[in-house]
Amino acid sequence: MPTAYLEEVNPWEAQAARSDVAAEKLKLDEGLWKILREPSREVIVHIPVQLDDGRLEVFTGFRVQHSIDRGPAKGGIRYTPDVTLDETRALASWMTWKCAVVDIPFGGAAGGVICDPDKMSRRELERLTRRYTAQSMELLGPEKDVPGPDINTDEQVMAWIMDTYSMHARHTVTAVVTGKPLELGGSHGRIEATGRGLMIVCDQAAKKLGMSPDQTRVVIQGFGNVGSNAARLMRRRGYKIVGVSTSKSGLFNNNGIDIEALSLHYQRNRTLSGFSGSEETNSAELLVADCDILIPAALENQITSRNADRVRAKVLCEGANGPTTAEADEILVDKGVFVIPDILANSGGVTVSYFEWVQDRQGYFWTEAVVNDSLQHTMRTAFAEVLKYAETHGVSNRIAAYMLAIDRVAYTLRQRGIYA
Ligand code: NAD
């Protein structure tokens, strides 16, 4: 796949480039920003795992807690071969800002383990997950730090974390992770939550820009948890999904792709390739394809100074964390692209994670309709608040979202005071 559009941008620096601007616009006290800017705790663990062939391997894992000012730290765990401490730092701080944008009582955290799940058996992944959890025990807990799924981690991984933590605690602690299977204290609607949240904010943007779903062509990069659920739900709402991709291949059909049929094809074959009726393409081409809404839902640094000027979408809705570089931001603003920034757009996942945590702690479970209605209310409110902030302060949607978030966290910190 052509990769000339990619830029090596350190995600922590990309995050800091935006949050520094927002803090400055807020005229935030310099000392307060020194506290809020940096993660409060970073842990590196070396995780011994016995492989199926009997060899011992040692994996490196991270857990970063950026902030616990507004509540327990909250954030996903990713398993990728190239995850770094800086990437984990960036994800942790994005979680702090994201939880504040949707006004839920969580701080921000993130975790990662350097590994390649494609090359590991299920038993190896289980041993890795359990040992990573055991080595992070003192950090975790429903009142302390609550992990959730991210790239290459799913319900099963969350179930292993819950079980390992519970074995150490000597009783079942469902609220220690979110994104669990329904039968283990998971929430209705959690699997689709991030995709549903993307649809809710796209609906709001379409309404604002006078676009009707059935006239709106959508391209989605990534067909994992976020991308595939956004595709299915948006198709059902009436949007025309004209392009989708994975790391290996992509499809484009200007008349719209049959997403239900494609999902079945993908489940059976684990590839998009070979799906009839669509033109085969790749991720790089799709980012600049002719469409109305572009949803990057895969990785960081996809829209860069090298391709931003060729983006043809009217709306950029960020399903992934950090898919756009700071340099690309300026190009998109100049082009008049309506950006729904990651810390707003993909906050549906953590919002329903919050609902899951509430349900676990109450021992009382909601219907799917209650979950989805509450998610819609939360996301519509946050969307309106970000837009109002942008108008009032004359800044982009992205800087507005950061300003709103930083203002909320700073307010809490001021009220709590600095313990010394
Ligand atoms: P996932 O592992 O389920 O899926 C990732 C998808 O991205 C896969 O389809 C993979 O093939 C694809 N991909 C990888 N490299 C690609 C490339 N170069 N081009 C096109 N596709 C590529 O992960 P996910 O949970 O869907 O997460 C995707 C993004 O959304 C990440 O940035 C994650 O941090 C963010 N996010 C996830 C959640 C959640 O609830 N899972 C919530 C908020 C944000």
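At what angle do the axes of helix α2 and helix α14 cross? Load up this predicted model and select residues 30–37 for α2, then residues 397–416 for α14. Their axes come within 11 Å and cross at roughly 105 degrees. Angles of 65 to 115 degrees count as roughly perpendicular, so that is what α2 is to α14.

Next, turn on the side chains where these helices meet. From α2, show L32, W33, I35 and L36; from α14, show I406, V409, A410, L413 and R414. Color this contact by residue class and you should get eight nonpolar, no polar and one charged.

Now zoom out and color by domain. The domain assignment puts residues 38–184 in domain 1, while domain 2 is made of 190–362 plus 377–420. Drop a pseudo-atom on each C-alpha centre and you'll find the two 24 Å apart.

On to the interface between the domains. Select the residues in contact: 35 from domain 1 and 34 from domain 2. The two domains bury about 2,800 Å² between them, with 64% of that on carbon and sulfur atoms. Stay on the domain 1 side and pick W94, K98 and V101, which lose the most area to domain 2; together they make up 24% of what that side buries.

Last stop: charges. How many salt bridges are there between domain 1 and domain 2? The count is four. While you have charged side chains on display, select R361 and E143 as well, whose side chains meet in a salt bridge with an N to O distance of 2.8 Å.

How values were computed: Residues numbered from 1 in each chain as written. Predicted model: local features only at pLDDT ≥ 70, side-chain atom pairs only at ≥ 80, totals over all residues. Heavy atoms only, no water. Axes fitted to C-alpha atoms, helices over the stretch in contact; angles between N-to-C directions. Helix = DSSP H or I, 4+ residues; strand = E, 2+ residues; numbered from the N terminus. Parallel < 35°, antiparallel > 145°, perpendicular 65-115°, else oblique. Contact = heavy atoms within 4.5 Å. Nonpolar A, V, L, I, M, F, W, Y, C, P; charged D, E, K, R; others polar. Domains from an automatic or database assignment. Buried area = accessible area lost by both parts, 1.4 Å probe.
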